Amino acid sequence: MHSDRELGWANFWNFEQYGFHETFMRALSEQLLEEAQQMVGGKDLPQFGFRLYYGLAPIDWESRGQSGSTTVSLLVPPSFMLPIRVGWTTTELLPEDWYRRALAPGAATFSWADHFPLDQVRSQLRPQRTITSKQTQHPFPIEIYPTSLPDISLGLTFDQALTTVECQTADIAIAAFQETWNQKKGVRLINHLGKLIPQDAAQYLIVADLGKHRNFRPVYLLLGALERVLPDRRIVGASIE
């Protein structure tokens, strides 16, 4: 059996077998995410479903004094796993298997070099299409990003942040919507509708599993239910990823 460890957006497979040190894993995860997000204009890649895996494919560790390279795997949503060679440098000469040892802050730098699949990543950060108000009867556009139905993330932007009471009201309405839907639809059940997850400012996220549904009709109706229970707030934008 493999052992794995999750740190931020990264998942380290077989970390006990390889003996990855905690400081090494943290540096690899954080530095590669920071560099990747700078290349895509600050987009939150984990929010779009991007994940980093290390140890899933052979790491092919190569050491050349104070520099070297290794292989990571980048999950590009919905399900593309890309092996990518990344480089590293250290501020001083370290043992060849230094990934097993405690790493001082700033002692190593990881980089995608020229191997980051920028075009492929960018293609997943743009809406595939935008649903207009004429199509949904909602007075705001809904941006549709690449998804892996039935699992979706519904992003909501309100005209201002919700109060604690309004969040509770919304959560009750979400649960009631799922219960009512499932009572009426029989086998076409919604498996999961999560509570509002606060993001930035007036933005919120709902994680959902739409079950056997292969379209977004339940989402459009859920938006209407939220509009009805929050009469003092206005949804100004929505996205489905």
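The expected span of a helix is 1.5 Å times one less than its number of residues. By that rule, helix α6 (residues 217-229), with 13 residues, is expected to reach 18 Å, and its first and last C-alpha atoms lie 19 Å apart, close to that value. The model is predicted. Its chain has 241 residues, of which 46% count as buried, and contains 6 helices and 14 strands.

**Whole chain**

- Along the principal axes, the C-alpha atoms fill a box of roughly 65 × 35 × 35 Å.
- The accessible surface comes to about 12,600 Å², and carbon and sulfur atoms account for 50% of that surface.
- Of the contacts between residues at least 6 apart in sequence, 60% join residues at least 24 apart.
- The chain carries 22 positive and 26 negative charges, and the mean positions of the two sets are 10 Å apart.

**Helices α2 and α6**

- Helix α2 (residues 22-39) has 18 residues, which should span 26 Å at 1.5 Å a residue; its end C-alpha atoms are 26 Å apart, so the span agrees with the expected value.
- The buried residues of α2 are Phe-24, Met-25, Ala-27, Leu-28, Ser-29, Leu-32, Leu-33, Ala-36 and Gln-37.
- Gly-41, just after α2, takes a positive phi of about 75°.
- In α6, the buried residues include Pro-218, Val-219, Tyr-220 and Leu-222. Leu-223, Gly-224, Ala-225 and Leu-226 of α6 are buried as well.

**Strand β14 and its partners**

- Strand β14 is mostly covered, with 5 of its 6 residues buried.
- β14 pairs with strand β9 (residues 142-144) in the parallel sense, over 3 bridges.
- β14 also pairs with strand β10 (residues 151-158); these two run antiparallel and are joined by 5 bridges.
- Ala-238 of β14 is the bridge partner of Ile-142, and Ala-238 is also the bridge partner of Leu-156.
- Ser-239 lies in β14, which covers residues 235-240.
- Ser-239 has a relative accessible area of 13% and therefore counts as buried, the cut-off for buried being under 20%.
- Beyond residues up to four places away in sequence, Ser-239 touches Glu-143, Tyr-145, Ser-153, Leu-154 and Gly-155.

**Tyr-54 in strand β3**

- Tyr-54 is placed in strand β3.
- With a relative accessible area of 1%, Tyr-54 is buried.
- Leaving aside neighbours within four places in sequence, the contacts of Tyr-54 include the aromatic residues Phe-12, Trp-13, Phe-20, Phe-24 and Trp-61. Asn-11, Leu-28, Ile-59, Thr-70, Thr-71 and Val-72 are also in contact with Tyr-54.
- Among these contacts, Phe-24 and Leu-28 are buried residues of α2.
- The C-alpha atoms of Tyr-54 and Leu-28 are 9.4 Å apart, with their positions 26 residues apart in sequence.

**Cys-167 in helix α5**

- Cys-167 is in helix α5 (residues 164-185).
- The relative accessible area of Cys-167 is 18%, so Cys-167 counts as buried.
- Not counting residues up to four places away in sequence, Cys-167 touches Leu-162, Leu-196 and Tyr-204.
- Cys-167 and Leu-230 are 63 residues apart along the chain, and their C-alpha atoms are separated by 9.3 Å.

**Positive phi outside glycine**

- Most residues other than glycine have a negative phi.
- Asp-60, which is not a glycine, has a positive phi of about 45°.
- Asp-60 is found in the loop between β3 (51-54) and β4 (62-64).
- The relative accessibility of Asp-60 is 46%, so Asp-60 counts as partly exposed.
- Ala-113, also not a glycine, has a positive phi of about 55°.
- Ala-113 is found in the loop between β7 (108-111) and α3 (118-123).
- At 43% relative accessibility, Ala-113 likewise counts as partly exposed.

Key. Residues are numbered from 1 along each chain as its sequence is written. This is a predicted model: local features need pLDDT of at least 70, side-chain atom pairs count only at pLDDT 80 or more; totals for chains, interfaces and linings use all residues. Side-chain values use heavy atoms; hydrogens and water are left out. Helices (H or I, at least four residues) and strands (E, at least two) are DSSP runs, numbered from the N terminus. Buried means under 20% relative accessible area, exposed over 50%, partly exposed in between (1.4 Å probe, protein chains only). Contact means heavy atoms within 4.5 Å. Accessible areas come from the Shrake-Rupley method with a 1.4 Å probe; for residues, only the protein chains shown count as cover. Lys and Arg count as positive and Asp and Glu as negative; His and the chain ends are not counted. The place of a charge is taken as NZ of Lys, CZ of Arg, CG of Asp or CD of Glu. Two strands pair if DSSP finds at least two bridges between them.
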